[in-house]
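Open the model in your viewer and keep the selection panel handy. We will walk through it stop by stop, choosing a few elements each time and looking at what they do together.

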Amino acid sequence: MDAIRGTAKAELTAPVEAFLADLHARVSKVTGGSPADYIPELGKVDPSLFGIAIATVDGQIYEVGDTDVPFTIQSVSKPFMYGHALQRHGRPTVLKHVGVEPTGEAFNSIVLDEVANRPFNPMVNAGAIAVAEMMPGDTQEQRIGNMLDLFSSLAGRRLGIDEAVFRSELETGHRNRAIAYMMLNTAMIERDPNEVLDLYFRQCSVNVSCCDLAIMAATLANDGTNPLTGKAVFDAQYVRDMLTVMNSCGMYDYAGEWAYEVGMPAKSGVSGCIIAVMPGQIGICVYSPPIDTQGNSVRGIRVCQEISSEFELHAFNNRTNVRSVVRRDYRADLVRSNRLRTLEERNLLATEGHKVAVLEAQGALFFGSTEQLLRKTSALAADSRYVVVDFKRVHQADTSACKLIVRAAKSMEGSAAELVFASLAEDDRLDPLVRALAESQHGHRVRQFRDADAALEWCEDQLLAGANFNHGTKFAVSEINLFKGLSPGECRLVESVIRPLVFERGDVIMREGDEAKLFFVLARGTVSVQIKVHGKGNRKKRVARSAPASPSARWRCWTAAAAPPTSSPMSG
Ligand code: DON
């Protein structure tokens with residue numbers, strides 16, 4: 001079985017691997033640029049190194065070439081340090097120290113925003129140095145430890161610093177020293193600039209591989225959760241901020257052309273690496289040391305252009321189909337609940353069931369899809385008594401969807417149609433919506449059921465109750481469907497071998513494995529058959545429900561047993 005799975009996997013993944021192998025071979029021929037040598041140690045690299053890695057949001061890695069060779073992360077560290085600052089200090093504090101405006105200038109430009117006196121953005125050196133100062137820790141040792149912890153959690157393995165590159169930049173990074181002192185002068189940083197630079201140079205000297213960076217990029221594609229380890233490193237709200245500045249500033253004075261042509265938020269480093277992120281899909285890393293005059297890897301740009309164009313990965317390609325939020329809708333005259341109904345009840349539901357509409361929603365709920373869903377709901381409500389919205393196939397609801405649904409609940413209050421929700425609390429995927437409804441005075445008045453079947457059954461009961469289908473509580477054996485048609489003598493015979501049993505709501509009548517020695521005849525109330533759902537703890541699923549008459553808080557049945565008869569027809 002494993003062997004078959006292995007083969008199937010290899011065949012299925014081949015298209016991406018084959019494309020990457022061909023791309024790597026073609027782009028290997030591209031020349032131009034040269035490795036950065038303003039940090040002398042970087043200039044010693046083998047310029048022919050060339051690796052491409054793509055990591056998916058569920059941790060699949062496609063790689064070709066020199067994907068395990070270590071190199072220093074350089075400026076690709078900047079968006080992650082920015083995300084960490086946001087996570088630790090929140091937006092308002094971080095925005096006081098660094099803006100989000102593209103400069104259109106080189107990464108090491110010595111300019112500050114004249115109005116706010118802060119660096120333009122966290123992708124240029126000035127901004128990154130201001131962000132480095134925000135790394136928490138009482139001592140420099142602690143701050144270095146926290147920085148390494150951050151990058152290690154992003155890569156999913158323990159990372160270290162390339163001491164030679166670090167020392168090389170420490171000895172030669174005079175321009176960065178100038179930037180740091182200028183920011184001390186304008187009070188944008190407060191601590192000793194040499195200490196802040198020590199951390200900044202170390203963050204740039206963290207050793208990574210092409211695969212590590214692809215995983216880090218995929219962590220951003222995956223809303224801040226590392227796809228290899230499952231660890232949440234950043235909140236999705238801050239990932240959005242990181243991607244926004246990467247999109248407008250990540251490629252420095254090439255950012256506009258990159259956004260136009262490649263269309264993925266990206267960041268480059270002078271060691272020759274580029275990461276690109278396609279939110280919700282993949283993270284990419286290309287490593288090839290020769291860089292152009294703007295500090296971006298020549299082959300890295302080419303590879304990203306080709307991947308984007310081949311797989312149509314531009315962020316502004318529209319893949320959203322808001323209309324698919326409605327899976328199907330039906331009415332209770334055509335589809336009934338699992339509850340067994342009498343012929344009379346079935347006949348009534350066949351004529352009255354159209355008053356109950358069920359709408360099955362699916363996918364993610366956000367503004368566009370929720371607006372569609374609610375428009376359809378209100379169209380159905382126009383000629384219904386009940387509208388059931390089943391959320392079973394909805395996997396996510398954002399804040400805007402929650403607000404719209406709560407407003408819909410409010411607007412339907414007092415209208416002729418009642419809104420009924422199903423499958424909201426199956427698991428925790430719709431917790432935000434459950435909370436929003438519970439917190440709103442309108443939302444909590446919406447009737448909720450564990451699944452569409454239970455909701456449908458309740459709506460059917462309402463229709464039946466409206467048609468006076470309650471049978472009262474006094475009955476005899478001859479009134480039970482099963483025994484209808486028996487002569488009075490036969491009824492007496494039945495009464496002599498059965499005994500009445502009364503169960504309270506929630507009582508278990510029999511469990512799987514119990515000995516089958518009793519024959520139950522249901523006289524009043526309803527009985528459910530539930531099975532355990534595999535792999536879901538104690539969760540149970542109702543597979544059938546039956547009742548001889550209308551629902552009741554208590555139900556009664558008779559059993560034929562070996563014991564002597566104890567009773568004649570019940571009344572109550
Ligand atoms: O500040 C510097 O000079 C380097 N440590 C990082 C620069 C960098 O990677 C710029 N990106 N292309």
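Begin by selecting helix H5 (residues 140-155) and helix H9 (residues 210-221): they pack at an angle of about 90°, and their axes are 8 Å apart. H5 is therefore roughly perpendicular to H9. Show side chains next, and you will find Phe151, Leu154 and Ala155 in H5 meeting Asp212, Ile215, Met216 and Thr219 in H9. By class, the residues of this contact of H5 with H9 split into five nonpolar, one polar and one charged. Bear in mind throughout that you are looking at a predicted model.

**A second partner for H5**

Keep H5 on screen and add helix H2 (residues 77-89). H2 and H5 pack at an angle of about 110°, with 11 Å between their axes. That angle makes H2 roughly perpendicular to H5. From H2, select Ser77, Phe80, Met81 and His84; from H5, select Met147, Leu150, Phe151 and Leu154, and you have the contact. Here the residues of the contact of H2 with H5 comprise six nonpolar, two polar and no charged. Phe151 and Leu154 are worth a label, since they appear in the contact with H9 and in the contact with H2.

**A hairpin**

Now select strand S1 (residues 51-56) and strand S2 (residues 61-65), which pair in the antiparallel sense over five bridges. Pick Ala55 and look across to S2: its bridge partner there is Ile61. Four residues lie between S1 and S2 in this hairpin, and Gly59 in the turn has a positive phi of about 90°.

**The five-stranded sheet**

Hide what you have so far and bring up S8, S10, S11, S12 and S13. In that order, S8-S10-S11-S12-S13, they make an open sheet of five strands with mixed pairing. Which strands stand at the edges? They are strand S8 (326-331) and strand S13 (447-449); each has a single partner strand, so one side of each is left without a neighbour in the sheet. On average, and ignoring direction, neighbouring strands of this sheet are turned by 20° against each other.

Move on to the interior pairings:

- Strand S10 (residues 356-365) and strand S11 (residues 386-397) run parallel and are joined by nine bridges. Select Ala364 to see it opposite Gln396 in S11.
- S11 and strand S12 (residues 418-422) also run parallel, joined by five bridges. Tyr386 stands opposite Glu418 in S12, and Val387 opposite Leu419 in S12.

Next, trace the connections. S10, helix H14 (residues 367-381) and S11 make a right-handed β-α-β unit. From S11 the chain crosses through H15 to S12, and this β-α-β crossover is right-handed.

**H15 against H16**

Stay with helix H15 (residues 399-412) and add helix H16 (residues 431-439). Their axes come within 9 Å and cross at roughly 35°. H15 passes H16 in a right-handed crossing. On the H15 side the contact is made by Cys402, Ile405 and Val406, and on the H16 side by Pro432, Leu433, Ala436 and Leu437. The residues of this contact of H15 with H16 count as seven nonpolar, no polar and no charged.

**The three-stranded sheet and H17**

For the last stop, select S9, S17 and S16. These three strands form an open sheet in the order S9-S17-S16, and the pairing is mixed. Strand S9 (339-340) and strand S16 (527-532) stand at the edges, each with a single partner strand, so one side of each has no neighbour in the sheet. S16 pairs with strand S17 (residues 540-546) in the antiparallel sense over six bridges. One pair to label is Lys532 with its bridge partner in S17, Lys540. Add helix H17 (residues 452-466), which packs on this sheet, touching S9 and S17; its direction makes about 30° with that of S17.

Finish by showing the five-stranded sheet again, S8-S10-S11-S12-S13, with Val387 of the Val387 and Leu419 pair labelled. H17 packs on this sheet too, touching S8, S10, S11, S12 and S13, and its direction makes about 170° with that of S11.

Note on methods. Residues are numbered from 1 along each chain as its sequence is written. This is a predicted model: local features need pLDDT of at least 70, side-chain atom pairs count only at pLDDT 80 or more; totals for chains, interfaces and linings use all residues. Side-chain values use heavy atoms; hydrogens and water are left out. Axes are lines fitted to C-alpha atoms, for helices over the stretch in contact, and angles run from 0 to 180 degrees between N-to-C directions. Helices (H or I, at least four residues) and strands (E, at least two) are DSSP runs, numbered from the N terminus. A crossing is left-handed if the near helix is turned anticlockwise from the far one by less than a right angle, and right-handed if clockwise. Contact means heavy atoms within 4.5 Å. Ala, Val, Leu, Ile, Met, Phe, Trp, Tyr, Cys and Pro count as nonpolar, Asp, Glu, Lys and Arg as charged, and the others, Gly among them, as polar. Two strands pair if DSSP finds at least two bridges between them. A crossover is right-handed if, with the strands pointing away from the viewer, the path from the first strand over the helix to the second runs clockwise. Angles under 35 degrees count as roughly parallel, over 145 as roughly antiparallel, 65 to 115 as roughly perpendicular and the rest as oblique.
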